[in-house]
Amino acid sequence: MPPPPAKSASHPDVTQQLLEEILEILPVNIFVRDTAGRFIYVNSQTARFIGLTPEEMIGYTVFDLYPPPIAQRFHEGDLAALAGEEVHLEDWIVPDPDET
């Protein structure tokens with residue numbers, strides 16, 4: 001068996017672009033929030049669920065976008081995850097806005 005080819009230098013721009021393209025085509029809500037709870041990445045599926053564009057969601061927190069009881073549950077899950085605790089996610093079945 002021949003040796004594997006030499007690894008090339010990483011191409012962060014290509015890697016970042018590929019990752020973003022993958023996250024965009026997945027039919028699930030994907031987002032990233034910073035330690036203050038602000039959205040710093042949102043895929044189109046998540047934004048469509050909220051009724052905004054991804055760009056419009058950046059910088060907002062769950063308290064800005066969800067009713068208080070739901071926002072509080074998300075916030076508590078975030079705090080638990082940041083504390084290193086295991087967090088169990090729930091599946092919420094909601095209608096797809098494109099199928100109504």
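This is a short tour of the structure, stop by stop, with something to select at each one.

**Start with the whole chain**

Keep in mind that the model is predicted. Show the protein as a cartoon. Five helices and two strands make up the protein. Follow them from the N terminus, and the order reads α-β-β-α-α-α-α. Now switch on the surface. About 8,000 Å² is exposed, and carbon and sulfur atoms supply 60% of that area. Of the 100 residues in the protein, 20% are buried. Contacts along the chain are worth a thought too. Among those between residues at least 6 apart in sequence, 14% join residues at least 24 apart.

**Stop 1: a nonpolar patch**

Select Leu 18, Ile 22, Ile 25, Leu 26 and Val 28. Together they form a nonpolar patch on the surface. Their joint accessible area is about 450 Å². Pick out Leu 26 from this group. Leu 26 sits in the loop between helix H1 (12-25) and E1. Its relative accessible area is 35%, so Leu 26 counts as partly exposed.

**Stop 2: Ser 44 in helix H2**

Move on to helix H2 and select Ser 44, which is found there. Which residues does Ser 44 contact, leaving aside neighbours within four places in sequence? They are Glu 24 and Pro 54. Look at Glu 24 closely. The side chains of Ser 44 and Glu 24 make a polar contact at 2.5 Å. Then add Leu 23 to the selection. Leu 23 and Ser 44 are 21 residues apart in sequence, yet their C-alpha atoms lie 8.8 Å apart in space. Ser 44 has a relative accessible area of 27%, which means it is partly exposed.

**Stop 3: Thr 46, in the same helix**

Stay in helix H2, which covers residues 44-50, and select Thr 46. Is Thr 46 buried or exposed? Thr 46 is buried, because its relative accessible area is 1%, under the 20% cut-off. Now show what surrounds Thr 46. Not counting residues up to four places away in sequence, Thr 46 touches Asn 29, Ile 30, Phe 31 and Met 57. Zoom in on Ile 30. Its backbone nitrogen lies 2.9 Å from a polar atom of the Thr 46 side chain.

**Stop 4: the aromatic pairs**

Phe 31, one of the residues touched by Thr 46, leads to the next stop. How many aromatic pairs does the structure hold? There are two. In one of them, the rings of Phe 31 and Phe 39 have their centres 5.6 Å apart. Their planes stand at 70 degrees, so this pair is edge-to-face. Compare the cover on the two residues. Phe 31 is partly exposed at 37% relative accessibility, whereas Phe 39 is buried at 1%.

Next, select Tyr 66 and Phe 74. The centres of these rings are 5.0 Å apart, and the planes meet at 75 degrees, so this pair is edge-to-face. Tyr 66 is buried, with a relative accessible area of 16%. Phe 74 is partly exposed at 26%.

**Stop 5: the salt bridges**

Colour the charged side chains. A search of the whole structure turns up two salt bridges. Begin with Arg 33 and Asp 78, where the closest N and O atoms are 2.6 Å apart. This pair links distant parts of the chain, 45 residues apart. Where do its two partners lie? Arg 33 is in strand E1 (residues 31-33), and Asp 78 is in helix H5 (residues 68-82). Arg 33 counts as buried at 17% relative accessibility. Asp 78, at 23%, counts as partly exposed.

Finish with Asp 34 and Arg 38. Their side chains meet in a salt bridge, with N to O at 2.9 Å. Asp 34 is partly exposed, at 24% relative accessibility. Arg 38 is partly exposed as well, with a relative accessible area of 39%.

Methods:
Residues are numbered from 1 along each chain as its sequence is written. This is a predicted model: local features need pLDDT of at least 70, side-chain atom pairs count only at pLDDT 80 or more; totals for chains, interfaces and linings use all residues. Side-chain values use heavy atoms; hydrogens and water are left out. Helices (H or I, at least four residues) and strands (E, at least two) are DSSP runs, numbered from the N terminus. Buried means under 20% relative accessible area, exposed over 50%, partly exposed in between (1.4 Å probe, protein chains only). A polar contact is a pair of N or O atoms within 3.5 Å; within protein, one must be able to donate a hydrogen and the other to accept it, and residues adjacent in sequence count only if both atoms are side-chain atoms. Contact means heavy atoms within 4.5 Å. Rings of Phe, Tyr and Trp (its six-membered ring) pair if their centres lie within 6.5 Å; planes under 30 degrees apart count as stacked, over 60 as edge-to-face and the rest as tilted. A salt bridge is a side-chain nitrogen of Lys or Arg within 4 Å of a carboxyl oxygen of Asp or Glu. Patches are made of residues with over 30% relative accessible area and no salt bridge: like charges are joined within 9 Å, nonpolar side chains (Val, Leu, Ile, Met, Phe, Trp, Tyr) within 5 Å. Accessible areas come from the Shrake-Rupley method with a 1.4 Å probe; for residues, only the protein chains shown count as cover.
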